[in-house]
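Please open the model in your viewer and keep the selection tool at hand. The stops below move from the metal site outward to the charged side chains.

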Amino acid sequence: MSGLAHDLRTVARFSDRDDQITRLAWSPAHVEAMRWMVGEATALGLDAGIDAAGNVVARWGPATGPALAVGSHLDSVPDAGRLDGVLGVLAALAAVRRLQAQGFTPRRPVWVIAFMDEEGARFGTPLFGSRAFVGEDLEPSLAAVDADGVSIADAMRKAGFTPDRLGDACAIDRVGAYLELHIEQGPVLEKAGADIGVVRAISGGAVLAVGFTGHAGHAGTVPMDMRRDALVGGARAIVALRDAALGGGDLRITVGRIAAHPGGTNVIPGGCELSVDIRSADPDALDRGRDVVGRIVERIASEEGLQGSVRTLTEFAPLQLDETIIATVARAAAAESAVALDVVSGAGHDALVIGRAVPAGMIFVPSRNGISHHPEEATSADQCELGERVLARAIRALAGQ
Ligand code: HGY
Ligand code: MN
Ligand code: MN
Ligand code: MN
């Protein structure tokens with residue numbers, strides 16, 4: 001079994017639950033996986049550590065010069081697969097191993113990075129580590145809480161980090177380019193019979209918090225026509241949002257989380273919260289999506305006699321990737337005689353944040369049946385290895401100059 005396949009099995013064992021792969025940001029299992037990566041990178045002779053935002057940064061080659069950063073993330077969604085994010089981090093380590101074995105020494109620093117909380121699955125704050133890495137002010141995000149009411153700040157402190165030192169993680173001024181290998185998480189490559197995706201652009205999106213406030217009451221005594229049931233508002237909004245997104249155009253709307261308050265089986269819900277995730281590669285469609293959410297919440301709130309609210313938790317514009325790096329990836333794929341296809345990423349990635357500050361590129365490998373964010377997420381070992389070889393060639397081309 002190759003080093004990459006072995007490492008993928010090892011990291012899959014770091015999980016918050018023993019019956020599935022769940023490695024939520026700042027959890028003990030996630031911190032364990034980060035520490036394991038520091039050990040692996042150190043064993044390869046890299047100068048590895050964890051920055052103030054929980055990003056694992058492992059430095060190879062000269063200390064000065066604009067670094068080529070290569071990475072992805074180790075945190076996962078709940079009940080995840082083994083590859084989302086993890087493949088990009090482990091393939092970067094495997095590519096360094098391969099290049100070292102070929103006697104290659106980089107002419108510029110090469111930083112292998114595992115960004116903290118790319119998914120945002122626990123707190124609704126995706127791309128947390130990469131946003132800290134580029135110097136964004138994350139103060140507003142620190143109050144976000146998870147399903148158990150734990151804030152990011154408390155989760156950081158529990159994991160041994162100091163929230164008000166987040167600013168120390170900003171290191172983008174020492175980086176000159178970024179490259180990320182990732183599973184496609186969709187069906188396009190497999191359907192086209194391609195093994196490598198040359199990513200040209202990444203969809204943008206927003207995570208919105210939608211709320212309905214009605215009037216809690218006794219399930220046995222309040223007549224149906226006198227109720228102001230917040231959960232009915234939420235349920236109607238979920239279907240209306242789905243129908244609006246089905247209306248055509250490049251717009252995807254997902255309600256991934258719903259909460260009813262106070263949550264008693266014999267209490268009419270007085271409050272309801274929905275997480276609404278909107279995505280598009282087209283900035284105008286994203287704006288349209290945000291308007292649609294606002295209009296649907298307003299209409300349903302007035303029809304149901306509720307108060308409605310929409311709050312933006314985080315948003316990120318779509319990004320065109322860098323033409324020079326796209327060409328480098330295409331050449332690397334050709335040198336491996338891979339069947340390559342130009343694609344646009346429907347998923348968000350750390351490259352969406354880093355690529356706004358420095359030239360960035362992405363390499364995709366196929367996802368079996370297009371499945372991801374699910375335990376059946378799969379890519380063949382050969383395709384993972386091919387992706388890693390293409391990544392190694394691209395690193396050689398970008399760091400050998
Ligand atoms: O949600 C996404 O697009 C990515 O998988 N974090
Ligand atoms: Mn990912
Ligand atoms: Mn993901
Ligand atoms: Mn990513």
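For the metal stops, a donor is a nitrogen, oxygen or sulfur atom within 2.8 Å of the metal, and because water is not among the atoms, a site may look incomplete. Keep in mind throughout that this is a predicted model.

**First stop: the two manganese ions**

Select the manganese ion (ligand 3), which is coordinated at 2.1 to 2.6 Å by Asp84 (OD), by Glu119 (OE) twice, and by His373 (NE2). Along the sequence, the donor residues of this ion follow the spacing D-x34-E-x253-H. Asp84 sits in the loop between E3 and helix H3 (86–101), while Glu119 sits in the loop between strand E4 (110–115) and helix H4 (128–133), so the pair ties together parts that are 35 residues apart in sequence. Both Asp84 and Glu119 are buried.

Now add the manganese ion (ligand 2), which lies 3.4 Å from the manganese ion (ligand 3), with Asp84 coordinating both. The protein donors of the manganese ion (ligand 2) are His73 (NE2), Asp84 (OD) and His182 (NE2), at 2.0 to 2.3 Å from the ion. Since His73 belongs to strand E3 (residues 67–73) and His182 to strand E5 (residues 175–183), this pair ties together parts that are 109 residues apart in sequence. Colouring by accessibility will show His73 as buried, with a relative accessible area of 0%, and His182 as buried too, at 1%.

**Second stop: ligand 1**

Next, select ligand 1 and display the residues around it, which are Asp84, Glu118, Glu119, Gln185, Arg279, Ala347, Gly348 and His373. A nitrogen atom of ligand 1 lies 2.9 Å from an N or O atom in the side chain of Glu118, and a nitrogen atom of ligand 1 is likewise 2.9 Å from an N or O atom in the side chain of Glu119. Turn then to Gly348, where a backbone N or O atom is 2.7 Å from an oxygen atom of the ligand.

**Third stop: Asp51**

Move to the loop between strand E1 (47–50) and strand E2 (56–60), where you will find Asp51. Which side chain of opposite charge is nearest to Asp51? It is Arg59, 7.0 Å away, and Asp51 is buried yet has no salt bridge. A polar atom of the Asp51 side chain does lie 2.8 Å from the backbone nitrogen of Ala53. Beyond its neighbours within four places in sequence, Asp51 is in contact with Val57, Phe133, Phe161 and Ala169.

**Last stop: salt bridges**

A search of the whole structure finds 19 salt bridges, among them the one between Arg97 and Asp7, at 3.1 Å from N to O. This pair links distant parts of the chain, with Arg97 in helix H3 and Asp7 in helix H1 (residues 3–12), 90 residues apart. Arg97 is partly exposed at 28% relative accessibility, whereas Asp7 is buried at 5%.

Select Asp146 and Arg122 next, whose closest N and O atoms are 3.0 Å apart in a salt bridge. Asp146 lies in the loop between H4 and H5 and Arg122 in the loop between E4 and H4, 24 residues apart. Asp146 counts as buried at 8% relative accessibility, and Arg122 is buried at 14%.

Finish on helix H8 (residues 283–304), where Arg299 and Glu303, being 4 residues apart, are separated by about one helical turn. Their salt bridge has its closest N and O atoms 3.6 Å apart, and Arg236, Arg299, Glu303 and Glu304 are linked in a network of salt bridges.

Notes: Residues are numbered from 1 along each chain as its sequence is written. Chains are lettered from A and ligands numbered from 1 in the order in which they are written. This is a predicted model: local features need pLDDT of at least 70, side-chain atom pairs count only at pLDDT 80 or more; totals for chains, interfaces and linings use all residues. Side-chain values use heavy atoms; hydrogens and water are left out. Donors are N, O and S atoms within 2.8 Å of the metal (3.2 Å for Na, K and Ca); water is not among the atoms, so sites may look incomplete. Helices (H or I, at least four residues) and strands (E, at least two) are DSSP runs, numbered from the N terminus. Buried means under 20% relative accessible area, exposed over 50%, partly exposed in between (1.4 Å probe, protein chains only). Lys and Arg count as positive and Asp and Glu as negative; His and the chain ends are not counted. A salt bridge is a side-chain nitrogen of Lys or Arg within 4 Å of a carboxyl oxygen of Asp or Glu. A polar contact is a pair of N or O atoms within 3.5 Å; within protein, one must be able to donate a hydrogen and the other to accept it, and residues adjacent in sequence count only if both atoms are side-chain atoms. Contact means heavy atoms within 4.5 Å. A residue is near a molecule or strand if one of its heavy atoms lies within 4 Å of it.
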